[in-house]
Amino acid sequence: MLADSDTRWKWGALTARRLAPGGPLDGFLLRGRATPTVRQLGEVGIRADSLREVTGADFLRTAGRARYDVVVLACVGGAVQAMLHGLAHAWRAEARRPVVVTGYVGVVYEKLADGLLLRHGADVVLANSRHDAERFRAVYAGAGAPHDSVTECALPFLGGARYEPGAQGRPYTVVFAAQPSVPETRADRQYLLERAVRHARLHPEREVLIKLRSKPGEHTTHIEELPYQKLAARLPGGLPPNCRLAYGHMGDVLDRTDLLVTVSSTAALEALHRGIPTAVLTDLGIREPLGNHHFLGSGCLTSWDRLDAGLLPDPDPAWTARQGVAADGTYEKAFDAARERVAALAAHAGLPPLAPYYTAGTAPGYLPAILARHGLGPDGRPLPGRRDPDRTESALRRATRGALRDAARGAYRHGVQRVAPVIRRLGEL
């Protein structure tokens, strides 16, 4: 399984476990901006039988040489497309090849056509709900691409204990599930933080948790330009005693949640699956860039004003059922079709070569740049004459560490007080 961020590792590893229960899992982390740290992997809590950080070329060499039954690509669309072309080249002379599976890590609210066509060519494209399966097939059909690869299942990380109101021994807990890039502006993020703090002050008997995805210096699937940690540190008066920042596995946090509040996080589906009251905020409008338009018809759209007044949303069961949220106990059956399809393909005597929709003929002005970004030529072959990415990475790190170390020493010698950013950057390398 190849993943390029913490959330995609979570989705990919759990998907692999559900598709092949009990089978060994080799994990590969694609080196890049969002490569997860050891702490992030530990927080996800999913272990593989082996785990390596690799470049795209490393992965293609391994996947083309080792004997796998299934390869799960849990990456951003461009990386999936590059790996599909690279694997097609690596397996061109193989009589048998693995089954290739891909999909999305959560709610698909943007770049639907772009992301789907970049994933086209995998043997199985997983849709996390009936709603998504219908949309995926419509996109492929509209582009004149085969759509038999689309297979309905559910998000692999739903589950956990059913919510029971009035749990003894703890205060009523409100969790605001923050997102790295939604909303984007400082003003909007400041507003949401201040409203969570205001809710805590209006309800001193409640505990308000601001659930964060990463710590400073770590990266996630989406770039977080304005982390809530920094905004909270500058909040006049600071956070009230009953409001604090929280980290950890979302499932563990939901175990003690009485109300989940978010703009459009996939955590909303996790909460709805458990029967936890769930609020999708309309304070900043219902807009496509926010992703909360996905929840139209859910019954969960509301505002902080209404939550402050004690009004809770009432989810629509027909909507939740179409979104793959199966609080009725049928969730485990959601993976039967995908498991059966993968098993049937794996047993096939000889699968046809991988055939992505994008080729030099269909997208000559788009595909080559995607492949080159991952070190591949137009035919999916690793580009010759490139320096070893591992050595280049090591050399860059050594050079940067040396420069930063010299800067820190110079700052210290000259009595400069603000050396913390330099020291922090050294720790990230």
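Rings of Phe, Tyr and Trp, the last taken by its six-membered ring, count as a pair if their centres lie within 6.5 Å; planes under 30 degrees apart are called stacked, those over 60 edge-to-face, and the rest tilted. In this predicted model, a search of the whole structure yields seven aromatic pairs.

**Aromatic contacts**

A pair of aromatic rings is described by the distance of the centres and the angle of the planes. For Phe28 and Phe59 the centres are 5.4 Å apart and the planes stand at 70°, so the pair is edge-to-face. Phe28 belongs to strand S2 (residues 26-30) and Phe59 to helix H3 (residues 56-65), so this pair ties together parts that are 31 residues apart in sequence. Phe28 and Phe59 are both buried.

Another pair, Phe295 with Trp319, is tilted, with 5.5 Å from centre to centre and 35° between the planes. This pair also links distant parts of the chain, 24 residues apart: Phe295 is in the loop between strand S12 (278-281) and strand S13 (301-302), while Trp319 is in helix H12 (residues 317-322). Phe295 and Trp319 are buried as well. Elsewhere, one aromatic cluster is formed by Tyr357, Tyr358 and Tyr366.

Two rings also have a charged group over them. The charged end of Lys10 sits over the ring of Phe157, at 4.5 Å from the ring centre. In the case of Arg119, the charged end sits over the ring of Tyr104, 4.0 Å from its centre.

**Overall architecture**

The protein chain contains 16 helices and 13 strands. Of its 429 residues, 50% are buried. Among contacts between residues at least 6 apart in sequence, 72% join residues at least 24 apart. The chain exposes about 19,900 Å², of which carbon and sulfur atoms supply 54%.

**The six-stranded sheet and strand S9**

Strands of a sheet pair through backbone hydrogen bonds, either parallel or antiparallel. Here, six strands form an open sheet in the order S10-S9-S8-S11-S12-S13, with parallel pairing. S10 and S13 are the edge strands, each pairing on one side only.

Within this sheet, five of the five residues of strand S9 (residues 207-211) are buried, so S9 is largely enclosed by the rest of the structure. In a regular strand the side chains alternate between the two faces of the sheet. In S9, Glu207, Leu209 and Lys211 point one way and Val208 and Ile210 the other way, and all are buried. The buried set thus includes the residues Glu207 and Lys211.

S9 pairs with strand S8 (residues 173-177) in the parallel sense over five bridges. Thr173 stands opposite Glu207 in S9, and Phe176 has Ile210 as its bridge partner. S8 and S9, together with helix H7 (residues 186-202), make a right-handed β-α-β unit. S9 is also joined to strand S10 (residues 243-246) by four bridges, and these two strands run parallel. There, Val208 stands opposite Cys243 in S10.

**Strand S6 and its neighbours**

Strand S6 (residues 124-127) directs Val124 and Leu126 one way and Val125 and Ala127 the other way, and all are buried. With strand S5 (residues 99-103), S6 pairs in the parallel sense over three bridges. Gly103 has Leu126 as its bridge partner in S6. From S5 the chain crosses through helix H5 (residues 112-119) to S6, and this β-α-β crossover is right-handed.

Three bridges join S6 to strand S7 (residues 150-152), and the two run parallel. Val125 stands opposite Val150 in S7. S6, helix H6 (residues 130-142) and S7 form a right-handed β-α-β unit.

The pairings of S9 and S6 are set out below.

| Strands | Sense | Bridges |
|---|---|---|
| S8 and S9 | parallel | five bridges |
| S9 and S10 | parallel | four bridges |
| S5 and S6 | parallel | three bridges |
| S6 and S7 | parallel | three bridges |

How values were computed
Residues numbered from 1 in each chain as written. Predicted model: local features only at pLDDT ≥ 70, side-chain atom pairs only at ≥ 80, totals over all residues. Heavy atoms only, no water. Buried < 20%, exposed > 50% of the residue type's maximum accessible area, 1.4 Å probe, protein only. Lys NZ or Arg CZ within 6 Å of the ring centre and 35° of its normal. Contact = heavy atoms within 4.5 Å. Areas by Shrake-Rupley, 256 points an atom, 1.4 Å probe, with all protein chains shown as cover. Pairing = 2+ DSSP bridges. Right-handed = clockwise from strand over helix to strand, strands pointing away.
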